[in-house]
Amino acid sequence: MKIFLITILLSFGVMAEDYETNYEILNPWIREVPPVSKMSAGFVKIKNPSKKDVKLVAVNSDLSKTVELHTHGMVDGVMKMRKVPHINVPAMGEANLKPGGLHIMFINLKKKTIEGEKHNLEFVFSDGTKIKKEAVVK
Ligand SMILES: [Cu+2]
């Protein structure tokens, strides 16, 4: 009986640890743009409950030909976007992609963005984790 209980506790321990490496993709959304627009942006909050820092290295989507990770910054007094190689998601912390800051850039849209429609996004992390999540157009 004792051994049986220990076995159960051990397997719970393993499950808890597995769960901790699951990154949370919260409220992903894509900005609705006029049909003539070739670009749109996406936003999301990513939580990292694990004890290791991780990087968001890519987002895959069939919404556009190219998907990049971008940030905003001042260049000669003008707010400009620029591509970043990855976005850090600190251990026990989060990355917040929001208008005016870090964002997902959809370049050369293949589809129209229509409010309420959903598009599949795949978030790729530096440790090889891939998470699929639907993002809604707003
Ligand atoms: Cu951008």
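The exercises below concern a predicted model of a single chain.

**Exercise 1.** Describe the order of secondary-structure elements in the chain and how its contacts are spread along the sequence.

Solution. The chain has one helix and ten strands. Reading from the N terminus, the order is α-β-β-β-β-β-β-β-β-β-β, so the helix precedes the strands. Of contacts between residues at least 6 apart in sequence, 66% join residues at least 24 apart. Of the 138 residues, 20% count as buried.

**Exercise 2.** Locate Leu 121 and decide whether Leu 121 is buried or exposed.

Solution. Start with the element: Leu 121 lies in strand S9, residues 118-125. Next, count neighbours: 23 C-beta atoms fall inside 10 Å of Leu 121. The cut-off for a buried residue is 20 or more, therefore Leu 121 is buried. Beyond four places in sequence, the contacts of Leu 121 are Pro 28, Val 59, Ser 61, Lys 133 and Ala 135. Trp 29 is 92 residues away from Leu 121 in sequence, with a C-alpha to C-alpha separation of 9.9 Å.

**Exercise 3.** Examine phi and exposure for Asn 27 and Met 92.

Solution. Most residues other than glycine have a negative phi. Asn 27 has a positive phi of about 45°, and the phi of Met 92 is near 55°. Asn 27 sits in strand S1, residues 24-30, whereas Met 92 is in the loop between strand S6 (87-89) and strand S7 (93-97). A residue is exposed at 12 or fewer neighbours. Asn 27 has 11 C-beta neighbours inside 10 Å and is therefore exposed. Met 92 has 12, so Met 92 also counts as exposed.

Methods:
Residues are numbered from 1 along each chain as its sequence is written. This is a predicted model: local features need pLDDT of at least 70, side-chain atom pairs count only at pLDDT 80 or more; totals for chains, interfaces and linings use all residues. Helices (H or I, at least four residues) and strands (E, at least two) are DSSP runs, numbered from the N terminus. Two residues are in contact if their C-beta atoms, placed from the backbone, lie within 7 Å.
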